Amino acid sequence: MRNVYTVAQVNAYIKNMFTQDYMLQSVMVRGEVSNCKYHSSGHIYFTLKDAKGTIACVMFASNRKGLGFQLAEGQQVVVDGSIDVYERDGKYQLYAREITRDGAGALYERYERLKRELEERGMFAPEYKRPIPKYSKTLGVVTAATGAAVRDIINIARRRNPYVQIILYPAIVQGEAAAPSIVNGIRAMERIGVDVLIVGRGGGSIEDLWAFNEEIVAQAVFDCPIPVISAVGHETDFTITDFVADLRAPTPSAAAELAVCDWKQLQEKMAGYASDLQGLCLHRIERQRGRAEQLATRLRYLSPVNVIRTKKTQALLLEEHLQNAMEKCLDTSRHRLALYVEKLKGLSPLDKLNQGYAYAADSTGATLTSVDQVSVGDSFSVCLRDGRISGKVTGREHQNR
Amino acid sequence: MKKTTQQDEELSLEQAFEQIEEVISHLESEEITLEQSFQEYNKGMQLLKRCNETIDKVEKKVLFINENGGLNEF
């Protein structure tokens, strides 16, 4: 009679076999990372694979300190952990405690370690950074004598300022001999005493650039009393030397631009200064002249000659006013006279005569206005429009009006 | 260090430029008298002249350090 087992029982049995296997409890597995997922819980799930197979892996959040880099697809790694069964799925997987990079990855770890160490020693600290002089006369270059890097540096430096003395130390920048060669170059530059120093090389793999991650190179750059600009590889490559240098340039060309001032700009700057100085001085003189002129005008205005002239003008003006006023007065009178003449014309007795009136006068010619002025028998005359007639008073009587 | 003593003796371009900027800001200020402005102008032009003298105008050949530490033309 054969036993029938539950799934759970089978899984539990297998799990127990794994747990009791000493080797499976601590195993190092080499492979390539794929299907890597960082879960929000902090656990990392991935698959380790090589040419012949795959194994599921998990690194729990609690073990994350065993991973010193960002895990990513395609990385060659060595996972240290245990192999155990996940009963729910009936699957075994590798539980990672520590993940290290393999090959280039190992170099990378050495890099990380040295970087941490030097950083802790304070060698990257901003207070040790020397300012790069703006107007260097001599430029030291420690790099390979051939290749794009040295060509770019020389071309750009000379284009910006052909009067800068460039001194090259032809260094070995790759392989075993590179680090000591670069250190020698830096020391040689110190002896010569250049104003600014570029240390670097063109792009390459992490192995190619490795000399710039060596401690002796970092130390030499740090100790160098000359401001050092690092220019290693491409913009994305960061070496230890970059962190220690006083300034990191993304490329050798950029390093030359940072190290050498632009001659044309320098000339323009100086011309600008000269014209500023001249302009400001002229401006000041101009302003003082303006003030002097202003004062002169005021003085002239206050001079006695001017006062007299002003008074004379004033007198003339007054005279003119007087004249005008007089003229006006006369005009008014003349006008009034004309009016009176018109009025008088209306009142003229001669006019009345025209209308058939007459006036009487006594023998002496005095106008008679009352009957009392004559007595009967007196002679009188009556004046008409075109002459007079004479007569004698024959009677008189009073008449009340 | 050799470099610093050298800088003490001769005014570096950067220092000279700083001083010129100072002169210019003096000239721009309102308080200064005409006499002072002439003095400042003179000082500025002298500084510029010194800058010009400081600037090396001889074109250089690239040199390289040989194995004995000597210099050769590249």
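Does A:Ser34 count as buried or partly exposed, going by its C-beta neighbours inside 10 Å? In this predicted model, A:Ser34 has 14 such neighbours and therefore counts as partly exposed. A residue needs 20 or more to be buried and 12 or fewer to be exposed, so a count of 14 falls in between. A:Ser34 belongs to strand β1 of chain A, which covers residues 27-38. Setting aside residues up to four places away in sequence, A:Ser34 touches A:Phe46, A:Thr47, A:Lys49 and A:Glu73. One of these, A:Thr47, is 13 residues from A:Ser34 in sequence, and the two C-alpha atoms are 5.1 Å apart in space.

The view can now widen to the two chains. Chain A has 401 residues, of which 22% count as buried. Its secondary structure amounts to 11 helices and 13 strands. Taking contacts in chain A between residues at least 6 apart in sequence, 62% join residues at least 24 apart. Chain B has 74 residues, of which 18% count as buried. It holds 3 helices and 2 strands, and from the N terminus these elements follow the order α-α-α-β-β. For chain B, 37% of the contacts between residues at least 6 apart in sequence join residues at least 24 apart.

One helix of chain A illustrates an element with no buried residues. Helix α1 of chain A, residues 7-20, has 14 residues and spans 20 Å from its first C-alpha to its last, close to the 20 Å expected at 1.5 Å a residue. The number of buried residues in α1(A) is 0, so this helix lies largely in the open.

The interior comes next. In soluble globular proteins, nonpolar side chains tend to be buried together. Here the largest nonpolar core has 49 residues. Those with the most contacts inside this core are A:Leu139, A:Ile182, A:Leu197, A:Ile198, A:Val221 and A:Ile229. Helix α5 of chain A, residues 178-192, gives the most to the core, with 6 residues. Beyond its neighbours within four places in sequence, A:Ile182 is in contact with A:Val142, A:Ala171, A:Val173, A:Val199, A:Ala211 and A:Val217. Apart from this core lies another, of 12 residues, which include A:Tyr273, B:Ala16, B:Ile20 and B:Val23.

The contact between the chains can be described from the side of chain B. It takes 28 residues from chain B and 26 residues from chain A. On chain B, α1 (2-9), α2 (13-28), α3 (34-54) and β1 (63-65) each supply at least two residues of the side that touches chain A. The largest share of that side, 7 residues, comes from α3(B). By type, the residues of this side of chain B divide into 17 nonpolar, 3 polar and 8 charged.

The chains also share a sheet. It is an open sheet of 7 strands with mixed pairing, in the order β10(A)-β9(A)-β8(A)-β6(A)-β7(A)-β1(B)-β2(B). Its edge strands are β10 (247-248) of chain A and β2 (71-73) of chain B, each of which pairs on one side only. The two chains meet where strand β7 of chain A, residues 165-170, pairs with β1(B) in the parallel sense over 2 bridges. There A:Leu168 stands opposite B:Phe64 in β1(B). Towards the chain A edge, strand β9(A), residues 228-232, runs parallel to β10(A) and is joined to it by 2 bridges. In this pair A:Ser230 stands opposite A:Arg248. Helix α8 of chain A, residues 252-259, packs on the sheet and touches β6 (138-143), β8 (196-201), β9 and β10 of chain A. The direction of α8(A) makes about 160° with that of β9(A).

A further sheet is formed by chain A. Its 3 strands make an open sheet in the order β11-β12-β13, and the pairing is antiparallel. Strands β11 (359-362) and β13 (387-392) stand at the edges with a single partner strand each, so one side of each has no neighbour in the sheet. Direction ignored, neighbouring strands of this sheet are turned by 30° against each other on average. Strand β12(A), residues 379-384, is joined to β13(A) by 6 bridges and runs antiparallel to it. Across this pairing, A:Val382 stands opposite A:Ile389.

Notes: Residues are numbered from 1 along each chain as its sequence is written. Chains are lettered from A and ligands numbered from 1 in the order in which they are written. This is a predicted model: local features need pLDDT of at least 70, side-chain atom pairs count only at pLDDT 80 or more; totals for chains, interfaces and linings use all residues. A nonpolar core is a set of buried Ala, Val, Leu, Ile, Met, Phe, Trp, Tyr and Cys residues joined through C-beta atoms within 7 Å. Helices (H or I, at least four residues) and strands (E, at least two) are DSSP runs, numbered from the N terminus. Two residues are in contact if their C-beta atoms, placed from the backbone, lie within 7 Å. Ala, Val, Leu, Ile, Met, Phe, Trp, Tyr, Cys and Pro count as nonpolar, Asp, Glu, Lys and Arg as charged, and the others, Gly among them, as polar. Two strands pair if DSSP finds at least two bridges between them. Axes are lines fitted to C-alpha atoms, for helices over the stretch in contact, and angles run from 0 to 180 degrees between N-to-C directions. The expected span of a helix is 1.5 Å times one less than its number of residues.
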